[in-house]
Amino acid sequence: ADACPASPPMPETEPFVDHYLPALLGQAWHLVSSEFHAVVESQGLSVLEWRVLSTLVGNGPMPISRLAQKTVSKQPTVTRLLDRMEAQGHVQRVPDATDGRVTRVRVTRSGRKLVSGLLAQAELHEKMVLASLGARKSEALKAALHELIDRYGPAD
């Protein structure tokens with residue numbers, strides 16, 4: 001006789017991946033950002049150029065490693081992009097005031113001008129996307145995402 005009772009049949013449920021957080025985050029990111037990325041590209045910028053410039057406008061000068069992390073890009077990719085953007089006059093590399101081994105990147109007036117209109121459009125796009133969630137859910141969503149980023153991101 002079998003000492004283990006038979007397991008009850010598994011109820012039919014949606015596949016795990018349909019509820020898997022990384023998959024949901026990736027799908028949500030793609031769906032929410034695609035429309036705005038088309039706007040960015042229509043202005044003659046790549047999505048990464050937009051991310052770099054808007055990050056620098058919003059955060060001020062930062063090391064390349066931090067810029068790569070905030071723009072969700074590999075550091076060598078960002079470095080190559082910065083070479084082009086610096087030649088175009090949109091960014092400038094400057095030595096860190098307290099640590100000579102560190103180079104910071106800052107946006108120039110030209111770079112700021114390039115994304116100023118896009119920043120306003122991004123803000124409107126975000127409001128449109130979040131409108132159906134309402135203020136409380138929108139704030140909770142952003143707070144939860146910041147918590148995950150703080151927990152799993154690199155230490156500053």
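# A guided tour of the predicted model

Begin with helix 6, which supplies the largest share of the nonpolar patch, three residues. The structure on screen is a predicted model. Select Leu21, Leu25, Leu133, Leu141, Leu145 and Ile149 to display the whole patch; together these surface residues have about 470 Å² of accessible area. Two elements give two or more residues each to this patch, namely helix 1 (21-42) and helix 6 (134-152). Ile149 belongs to helix 6.

**The largest pocket**

Keep Leu145 and Ile149 selected, and add Trp29, Lys70 and Glu126: of the 39 residues that line the largest pocket, these five lie nearest its centre. Colour the lining by element next; helix 1, helix 2 (47-59), helix 3 (64-70), helix 5 (109-131) and helix 6 each give two or more residues to the lining. Leu145 and Ile149 thus appear in two selections, as members of the nonpolar patch and as lining residues of the largest pocket. The space in this pocket is about 2100 Å³. If the lining is coloured by class instead, it divides into 22 nonpolar, 10 polar and seven charged residues.

**Salt bridges**

Side chains of opposite charge can pair when their charged atoms come close. The model has six salt bridges by the rule applied here, and the tour visits several of them.

Remain on helix 6 and select Glu147 and Arg151. Their closest N and O atoms are 3.3 Å apart, and the two residues form a salt bridge. Because Glu147 and Arg151 are four residues apart in helix 6, about one helical turn separates them. Glu147 is partly exposed, at 46% relative accessible area, whereas Arg151 is exposed, at 54%.

Move to Asp96 and Arg104. This salt bridge has an N to O distance of 2.5 Å between the side chains. Is Asp96 buried or exposed? With a relative accessible area of 10%, Asp96 is buried, since the limit for that class is under 20%. Its partner Arg104 is partly exposed, at 27%.

Then select Asp83, Glu86 and Arg93, which are linked in a network of salt bridges. Within this group, display the contact between the side chains of Arg93 and Glu86, a salt bridge of 2.8 Å, N to O. Arg93 is partly exposed, with a relative accessibility of 24%, and Glu86 is likewise partly exposed, at 30%.

**Two loop residues**

Select Gly100, in the loop between strand 2 (91-95) and strand 3 (103-107). Gly100 is exposed, with 69% relative accessibility. Draw a distance from Gly100 to Lys127, C-alpha to C-alpha: how far apart are they in space? The separation is 41 Å, for residues 27 apart in sequence.

Finish at Val72, which is located in the loop between helix 3 and helix 4 (75-87). Which sign does phi of Val72 have, positive or negative? The angle is near 55°, a positive value in a residue other than glycine. Most residues other than glycine have a negative phi. Val72 is also exposed, at 71% relative accessibility, because exposed residues are those over 50%.

Key:
Residues are numbered from 1 along each chain as its sequence is written. This is a predicted model: local features need pLDDT of at least 70, side-chain atom pairs count only at pLDDT 80 or more; totals for chains, interfaces and linings use all residues. Side-chain values use heavy atoms; hydrogens and water are left out. Patches are made of residues with over 30% relative accessible area and no salt bridge: like charges are joined within 9 Å, nonpolar side chains (Val, Leu, Ile, Met, Phe, Trp, Tyr) within 5 Å. Accessible areas come from the Shrake-Rupley method with a 1.4 Å probe; for residues, only the protein chains shown count as cover. A salt bridge is a side-chain nitrogen of Lys or Arg within 4 Å of a carboxyl oxygen of Asp or Glu. Buried means under 20% relative accessible area, exposed over 50%, partly exposed in between (1.4 Å probe, protein chains only). On a 1 Å grid over the protein atoms alone, a cavity is a set of points where a 1.4 Å probe fits but cannot get out, and a pocket is an open set with protein on both sides within 12 Å along at least five of seven lines; lining residues have an atom within 4 Å of a point. Grid points are joined across faces, edges and corners, and a volume is the space filled by probe spheres set on the points. Ala, Val, Leu, Ile, Met, Phe, Trp, Tyr, Cys and Pro count as nonpolar, Asp, Glu, Lys and Arg as charged, and the others, Gly among them, as polar.
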